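This report goes through selected local features of one protein model. The sequence and structure come first, followed by the text.

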Amino acid sequence: MFQSFDVTSRPEDGPPRLAALRAKMAAAGLDGFLVPRADAHHGEYVAPYDERLSWLTGFTGSAGFCAALADVAGVFIDGRYRVQVRSQVDLAHFTPVKWPEEKLGDWLVEQLPEGGRVGFDPWLHSVEEIARLRETGNGSGIELVSSDNLVDAIWVDQPAPPKGQIILHPLEHAGEAHEEKRRALAGKLTLRGEQAAVLTLPDSIAWLLNIRGSDIARNPVPHAFAILHASGELDLFCAPGKLSEEVRSHLGANVHCQPTAAFGPALRALRGAVRLDRASAPVWVADQLANAEIKLGQDPCILPKARKNASELKGMEAAHLRDAAAMCRFLSWLDEAAPAGGLTEIDVVRRLEEERRRDPLLRDISFETIAGTGPHGAIVHYRVSEESNREIVPGDILLVDSGGQYADGTTDITRTIATGAVTEEQKACFTRVLQGMISISTLRWPAGLAGRDLDALARAPLWRAGQDYDHGTGHGVGAYLSVHEGPQRLSRVSDTPLQTGMILSNEPGYYREGAFGIRIENLIHVITAPDLPGADAREMLAFATLTWVPIDRRLIRPEMLSGPEREWLDGYHDACRQRLADLLDGSARTWLDAATRNL
């Protein structure tokens with residue numbers, strides 16, 4: 001298992017750290033400084049070395065940033081974290097800001113009406129982000145200033161940067177040799193008249209070269225940079241100690257391994273048209289390309305990585321079956337233990353991870369397990385600690401969101417469980433969430449539509465009751481890679497057309513602050529829709545299910561379901577039983593038979 005480190009702060013740590021940051025700002029002649037949850041590679045997850053936001057503010061969510069000014073410090077968070085942030089930061093010194101509803105540029109203009117100098121670390125902000133800020137602040141007198149990182153200057157016990165070993169990802173699971181991938185992408189660069197593409201995203205580099213790493217907890221990716229040339233050759237920049245002779249041999253003569261310090265000189269040596277991902281390339285990288293013609297576009301690995309090949313899908317299906325067996329053993333245990341009382345959220349986390357560790361192909365969990373009982377379930381990305389650990393009172397609704405990183409695939413599943421008698425209102429809320437999840441599961445749509453075109457269908461049952469949830473309906477998932485993967489999403493803002501091979505989560509929810517939370521999550525993948533008699537001759541797509549774990553029937557109000565919805569649920573449970581029966585025995589098999597009975 002990956003060794004994790006706690007670099008977060010308590011709410012009371014924030015004010016003195018903020019004061020120290022402001023002193024550095026004043027010494028540097030700055031009126032503000034931006035502190036994102038980001039690293040130089042601009043993936044979603046960061047190593048302890050880069051946990052600047054949580055160290056400064058106490059907020060531990062996976063997305064957000066702080067804009068620290070002389071007299072106000074805004075902590076920008078999206079809908080997933082608006083309950084959590086209020087319990088983690090000192091509200092007398094840090095002000096939560098609803099983002100993306102309120103844009104950083106507009107906020108800065110409002111807070112600095114006379115203008116001012118706002119510093120940022122050029123490694124931690126993308127080209128697109130800074131360009132957008134400069135456009136918003138145009139004419140406001142606000143100057144964005146590239147700066148050394150002022151948080152690093154005051155963080156005296158900052159952990160060292162990670163230097164985990166790089167390992168091979170077998171062709172059996174990758175499905176395509178890295179030479180073939182490089183050749184295909186290089187051909188596309190040539191067609192666009194581009195001489196090279198700069199890669200900074202760790203999962204792109206891992207996918208392209210059929211390697212994996214251990215620099216980010218729960219995500220098997222290496223910290224590295226790369227330059228892919230139109231010839232198909234590639235320059236790889238990372239700490240030399242990460243590369244064994246086996247890995248160097250795998251990469252071959254056309255992948256040139258160099259230390260990280262050589263990245264800057266290599267960028268400055270590039271000539272001609274060079275592709276740079278506008279959304280993820282750091283400003284620092286763009287600043288080095290003075291001798292090249294920058295072509296802002298998308299990382300060329302993003303789309304082919306998202307469209308899983310047959311080998312990757314086969315591995316994901318196998319991993320999900322084994323993971324489902326672990327989940328069923330866990331749920332069987334929970335149903336027996338919870339009614340007696342005495343269980344805590346930490347007990348639940350530990351038992352579930354024990355069940356997954358029985359699989360020899362498990363490499364890690366895919367994210368910190370979320371186990372929230374009662375009011376903690378309403379904190380969308382709740383993470384239990386010794387301080388917050390809550391006893392599971394019989395009758396609580398327990399939300400468990402978890403997953404595994406297996407050698408052949410990545411899983412992510414949420415189940416909401418009744419630990420005793422629940423109210424009819426709670427059942428009604430659960431049933432509406434279930435209806436939304438079924439709506440996505442059974443959907444057919446014309447090719448060319450994006451996640452934003454589908455997202456509302458999952459919300460419609462909740463909307464009819466005046467309810468909703470403040471997160472997307474689904475995110476992309478990698479194949480033994482990051483559990484959150486783009487560009488595909490089911491959300492109001494996703495404009496990427498869905499294509500066959502893409503894997504997404506399907507996870508509508510409902511959260512009543514201070515009371516309970518509900519979420520049901522399966523992973524699904526995009527397929528060509530089966531033919532229908534009399535249908536138009538147009539390309540249609542559909543979803544196929546990857547996750548096979550029973551949904552808690554005790555939380556369902558059957559009379560609220562339509563005939564087709566009941567038919568889907570009974571069919572889903574029949575499929576769970578058929579797929580898992582041979583993987584379970586004893587009490588877990590008995591539990592499976594009972595949990596998959598028809599409504």
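In this predicted model, 25 residues line the second largest pocket, and A40, H41, Y49, F225 and T260 are those nearest its centre. The volume of this pocket is about 470 Å³. By class, its lining holds 14 nonpolar, 4 polar and 7 charged residues.

H42 belongs to the loop between β1 (32–36) and α2 (52–57). Its phi is positive, near 65 degrees, although H42 is not a glycine. With a relative accessibility of 16%, H42 counts as buried, because the cut-off for burial is under 20%.

R218 also has a positive phi, near 70 degrees, in a residue other than glycine. R218 sits in the loop between β9 (211–212) and β10 (225–229), and at 10% relative accessibility it counts as buried. A further positive phi, about 55 degrees, is found at N210, just after helix α9.

Helix α9 itself covers residues 202–209, and 8 of its 8 residues are buried, so the helix is largely enclosed by the rest of the structure. The buried residues of α9 are P202, D203, S204, I205, A206, W207, L208 and L209.

Enclosed space is considered next. The count comes to 1 cavity of 30 Å³ or more. The largest cavity contains about 40 Å³ of space. Its lining is made up of H169, H173, E312, A407, D408, G409, A479 and Y480, which divide by class into 3 nonpolar, 3 polar and 2 charged residues.

Two packed helices are described by the angle between their axes and the distance between the axes. For helix α14 (residues 310–337) and helix α19 (residues 586–595), the axes come within 9 Å and cross at roughly 85 degrees. That crossing angle makes α14 roughly perpendicular to α19. On the α14 side the contact is formed by C328, R329, L331, S332 and D335, which meet S587, A588, W591 and L592 of α19. The contact of α14 with α19 has 5 nonpolar, 2 polar and 2 charged residues.

Two buried residues have partners at long sequence separation. G372 lies in strand β16 (residues 370–373) and is buried at 2% relative accessibility. Leaving out residues up to four places away in sequence, G372 touches E345, G377, Y382, I397, L398 and L399. I520 lies in the loop between β26 (516–519) and β27 (522–528) and is buried, with a relative accessible area of 1%. With the sequence neighbours up to four places away left out, the residues touched by I520 are T414, R415, F430, V433, L434, M437, N506, E507, P508 and I551. The table gives a C-alpha separation for each of these two residues.

| Pair | Separation along the chain | C-alpha to C-alpha distance |
|---|---|---|
| G372 and V400 | 28 residues | 6.6 Å |
| I520 and R415 | 105 residues | 5.3 Å |

The backbone also contains cis peptide bonds. One joins W99 and P100, with omega about 15 degrees; P100 is in the loop between β4 (95–98) and α4 (104–111). Another joins G486 and P487, with omega about 5 degrees. P487 is part of strand β23 (residues 485–490).

Definitions and conventions: Residues are numbered from 1 along each chain as its sequence is written. This is a predicted model: local features need pLDDT of at least 70, side-chain atom pairs count only at pLDDT 80 or more; totals for chains, interfaces and linings use all residues. Side-chain values use heavy atoms; hydrogens and water are left out. Axes are lines fitted to C-alpha atoms, for helices over the stretch in contact, and angles run from 0 to 180 degrees between N-to-C directions. Helices (H or I, at least four residues) and strands (E, at least two) are DSSP runs, numbered from the N terminus. Angles under 35 degrees count as roughly parallel, over 145 as roughly antiparallel, 65 to 115 as roughly perpendicular and the rest as oblique. Contact means heavy atoms within 4.5 Å. Ala, Val, Leu, Ile, Met, Phe, Trp, Tyr, Cys and Pro count as nonpolar, Asp, Glu, Lys and Arg as charged, and the others, Gly among them, as polar. On a 1 Å grid over the protein atoms alone, a cavity is a set of points where a 1.4 Å probe fits but cannot get out, and a pocket is an open set with protein on both sides within 12 Å along at least five of seven lines; lining residues have an atom within 4 Å of a point. Grid points are joined across faces, edges and corners, and a volume is the space filled by probe spheres set on the points. Buried means under 20% relative accessible area, exposed over 50%, partly exposed in between (1.4 Å probe, protein chains only).
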